[in-house]
Amino acid sequence: MTEGVLTRRAVEPVEVPPGPRARRRPWRAGPGPWLLPSVLVLLAVSLFPQVYALVNSLRFYNLGVDLDPRGFVGLDNYGAALTDATFLGSIARTLLFAGCVTVVEVVLGVLLALLLRLDLPGTGVARSVLVMPVAIAPAVAGLAFRSMYDPATGLVPNVLSAIGIGTPEGGLLGDPGTAMLAVAVTDVWQWTPFVTLIVLAAMQGVPGEVVEAARLDGAGTVRVLWSMVLPLIGSTLATVAILRFIQSVNVFDIFYVQTRGGPGTSTTTLGLDIYFTGLSDYNIGLASAMTWVASVVVAVLVNVYLVVTNRRNA
Amino acid sequence: MTGKRSWPLQVLMWIVTALFAVPVLWLLVLAIRPSDITVANPLDFSFVPDLGAFGYVFGPGGPGMNGLVSSLIQSLGATAVALPLATLACYGLTRFEYRGRQVIGAWYLGLMLAPPVVFVIPLFILLARIGVIGTDLAVVIAFQTFALPLAVLLLRGFFEELPVELEEAAMMDGCSRPRVLWSVLLPVVRPGLLVSAIFAFCFCWNNLLFAMPLTGGETVPLTVRALSFFATSGVSWSYIGATAVVSMLVPMLLFFAFRRHIVSGLTFGAVKG
């Protein structure tokens, strides 16, 4: 539960203590009326559904059996979720996927940023090209790669076979051994440029004269990067790494478009498992319990993110 | 890094750039290449471009035109709802000192980072209860889960940058706060409104997860429509290509036009561009 955990942080920021004037301020003259409309809308579209899911997670609610929820079953749905091999597998798979793509994207993103920072001829074109993956819908990115992976008409298998590398018979997305990697490549393609753009923006704050001076004092390229550039962009890098990790845990579109979790459950991520349990199997009770497990996992990550970004701003 | 030593790096940069362009170009090839060539010889790039797929998908009575209109209605609708609410919220977040201000800000950020699938299932049931599934309204409501927090987080940065002296002067002269917002703040914060609107619009435009279960028939937007060409009878790659190209053209042009704000937009204001 995102909100609950966030609210607990309320105690800790030691901002300006409300002076006597603030305490006497009538509600109407304060920020309340300004915040109320958006808070009400968000309570209705996000908090209320979450609470509703919490209630549903405690009862037998299967649209395939009955359109209305039946009695409360205690924590049975949670028990079922946490002993379900598919669900536990999807959590592990999702975390592994998120960890791998985050590391690859951050490393490649930084390297690419360093390359673009040299300002070689054509850097402008390269930067424009890098905006494309970031802009398009993940669903469309998924389609692009699905069409490129197609065993008969796709670019990748045909190019690979032309240079003598075989691909699995069921296609790159149809083989449990390669499907996860193939989808991960999609994610890396789409979000590495995002890291690059952020790092480039952060590196604008690195003063060129200081780097020049260090070079004159005999510091090599690696030394300059490690001791001067990295510390200056370190906090931005931490922010973007956690952000990418959280968003990769939340991943849905590229998997849905390319594999729908298959073959078998080899690419079933947390998001897909919940989606299919709720909207294909219609087991709302179980799916609701699963959403709460997922919410807790992500809430922990979100709080890590908040701590990191706050320290940066302080 | 100039002179002779730079040419290998330059070659490397061009190769990497080309690699990142390939998936986009491939979709374009699928869209304009006659489908019999795609099937018979996927590596043949010496074809005569054929706009027939665009004509079929986006022509009169074609499946894409409805999708395009739905995408526009839903994304514009959700943005139009989110922006005024976000403007009010940003005024409340930046023009008062009070305990808990950061908590509300963190709540908006938490909503942007929460797994969207968490909201989909309960929203689906609740929207089904009030009988709006399959309408544009259902999508506009569901999109608020991210469009509204995103607009707040982006707009807040613009509000914070503006000096409050002008507003204070106006209030000294007896202007009410709503009046100050309308006549003093809004005219100068217009670029911020535009940037927030553009990003909210693009996030809605690119959405698949909410649009998929909540739309049907006429209201299916482009992202979902593109998936419908995977039929059991065969995959229509040229239709998929045509739909995908139109779908990605819109956010690509908008992102390019607002590229100075991409970093801030995609980190929800956490990193300034």
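Me: A helix here is a DSSP run of H or I with at least four residues, and a strand is a run of E with at least two. By that rule, how much helix and how much strand is in residues 237-258 of chain B?

Reply: This is a predicted model. Residues 237-258 of chain B are 95% helix and 0% strand. The C-alpha atoms at the two ends are 31 Å apart.

Me: What makes this span a "transmembrane region"?

Reply: The name comes from UniProt, in an unreviewed entry. Residues 237-258 are one of the spans that it places in chain B. Residues 180-208 are also among them. That span is 86% helix and 0% strand, with end C-alpha atoms 39 Å apart. Such annotations may be inferred rather than shown by experiment.

Me: Which part of chain A carries a domain name?

Reply: UniProt lists "domain: ABC transmembrane type-1" for residues 91-303 of chain A, again in an unreviewed entry. The span is 75% helix and 0% strand. Its end C-alpha atoms lie 19 Å apart.

Me: Why does G71(A) count as exposed?

Reply: The cut-off for exposed is 12 or fewer other C-beta atoms within 10 Å. G71(A) has 9, so it counts as exposed. G71(A) sits in the loop between α3 (32-57) and α4 (76-83) of chain A.

Me: How do you know that G71(A) touches R59(A)?

Reply: Contact needs C-beta atoms within 7 Å, placed from the backbone. Leaving out residues up to four places away in sequence, G71(A) touches R59(A) and F60(A). R59(A) is 12 residues away in sequence. In space, the two C-alpha atoms are 5.6 Å apart.

Me: How many residues of chain B are in contact with chain A?

Reply: 82 residues of chain B are in contact with 87 of chain A. Helix α1 (residues 7-32) of chain B gives the most to chain B's side, with 14 residues.

Me: What kinds of residue make up that side of chain B?

Reply: It divides into 64 nonpolar, 15 polar and 3 charged residues. Gly counts as polar in this tally.

Me: What makes chain B two domains, and where do they lie?

Reply: The bounds come from an automatic or database assignment. Domain 1 is 1-50 and domain 2 is 62-266. Their C-alpha centres lie 33 Å apart. Each gives 7 residues to the contact between them. On the domain 1 side, α1 and α2 (35-40) of chain B each supply at least two residues. The largest share, 4 residues, comes from α1(B). That side divides into 4 nonpolar, 2 polar and 1 charged.

Methods
Residues numbered from 1 in each chain as written. Chains lettered and ligands numbered in written order. Predicted model: local features only at pLDDT ≥ 70, side-chain atom pairs only at ≥ 80, totals over all residues. Buried ≥ 20, exposed ≤ 12 C-beta atoms within 10 Å, placed from the backbone. Contact = placed C-beta atoms within 7 Å.
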